[in-house]
Amino acid sequence: MKVLFPREADNLYLLPILKGLGTYIPGLHKIASKGTGGTISARYCYSVWLRHLVLAQKHGLSIQPEVVAELGPGDSLGIGLAALLSGADRYYALDIVKHALADKNMEIFDELAELFKRREMIPGEDEFPRIKPYLDSYEFPDHILTEERLEGALRPSRIEAIRKALLDRKNRCCCGTQIAYFAPWYAADIIKEGSVDMVYSQAVLEHVDDLLGTYKALYSWLRDGGFMSHQIDFKDHGTAGEWNGHWTYSDAIWRLIRGKRPYLLNRHPHSRHIRFIKECGFDIVYDSKVKSDSRISIGDLSSRFSDISKEDLTTSGAFIQAVKR
Ligand SMILES: C[S@@+](CC[C@H](N)C(=O)[O-])C[C@H]1O[C@@H](n2cnc3c(N)ncnc32)[C@H](O)[C@@H]1O
């Protein structure tokens, strides 16, 4: 049986290239680039934040970060708003495109506040089968978000202050005392060195172009002992016929597929993330890989990916938590 996957030599996958070329047509590009997906839903944001928090506790990391920073919040600032509702005092959101709109943020915030007030269970695999990481239990984590902690965090005056911060549009979208949204961000000095307790991202680090530079920025923002928590998806995001088919494309083909999009995929496999994280000075405390079968063999890969190991070729995702040394 012939295995179907994109290979430049014999079976070029034309649709992604056409899509890439379509990005040069202004109207088409706008239609194709509507929204990023997940954070449009309050329940998604609640679920993602609590998963990072529960796993931080499990791995001995701080569960009361005062200052949090998020890379790539996407359609809303909801995951960071969930962090604020859990007691964090300041939230930095950094994106390459300003997707999040003030009205949507407010709507999500109000829904999130209700979820926390009800101590709602964490929406799990039934509701969001594609969200990772998975947890052993989706019960509300009252061992972390204790009654005392939530009583303080959900005080009406505090909720009002966060709403006010969300409305403050003086600096970009909504920079107040508690929320700063930088989109686009380019330089690490946008956040003071050593001022952040926790940096996290969900489905973002596979997209950033300058991966090593970004890990260096995250390192500089964190205080000593601060930590980062990332879910990363190494799959092709619809650019190939196989989940790992994007590693068969040469750089020239990949440029056509990306077209004019502000970001697509950096195509770095798991082992490169691990190398960069260690090179920057982090200690990895948890690295959970999602394994998937490969119908592609090492010999099918583009020469640019000749260093990809069998292990990388079957690693379609990872959840990584690491501490600044
Ligand atoms: C797939 S979306 C994920 C959005 C959100 N985290 C979620 O879970 O729904 C990827 C996000 O990464 C952002 N992104 C891409 N490159 C980035 C960069 N260099 N720095 C920060 N964000 C980036 C995109 O703009 C987009 O918001």
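Me: Which residues of helix H10 (residues 270–280) are buried?

Reply: A residue counts as buried if 20 or more other C-beta atoms lie within 10 Å of its own, as exposed if 12 or fewer do, and as partly exposed in between, with C-beta atoms placed from the backbone. Helices (H or I, at least four residues) and strands (E, at least two) are DSSP runs, numbered from the N terminus. In H10, the buried residues are His270, His273, Ile277 and Cys280. The model is predicted: local features need pLDDT of at least 70, side-chain atom pairs count only at pLDDT 80 or more, and totals for chains, interfaces and linings use all residues. Residues are numbered from 1 along each chain as its sequence is written.

Me: Why do the buried residues of H10 line one face of the helix?

Reply: An α-helix has 3.6 residues a turn, so residues three or four places apart point the same way. Seen down the axis of H10, the buried residues fall within an arc of 95° (taken over the directions from the helix axis to the C-beta atoms), so they line one face. On the other side of H10, Arg275 and Glu279 are exposed.

Me: What do the buried residues of H10 pack against, and which residue follows H10?

Reply: Packing is read from contacts, in which the C-beta atoms of two residues, placed from the backbone, lie within 7 Å. The buried residues of H10 pack against helix H8 (211–221), strand E5 (222–233), E6, helix H11 (310–313) and E7. Gly281 follows H10, and its phi is positive, near 110°.
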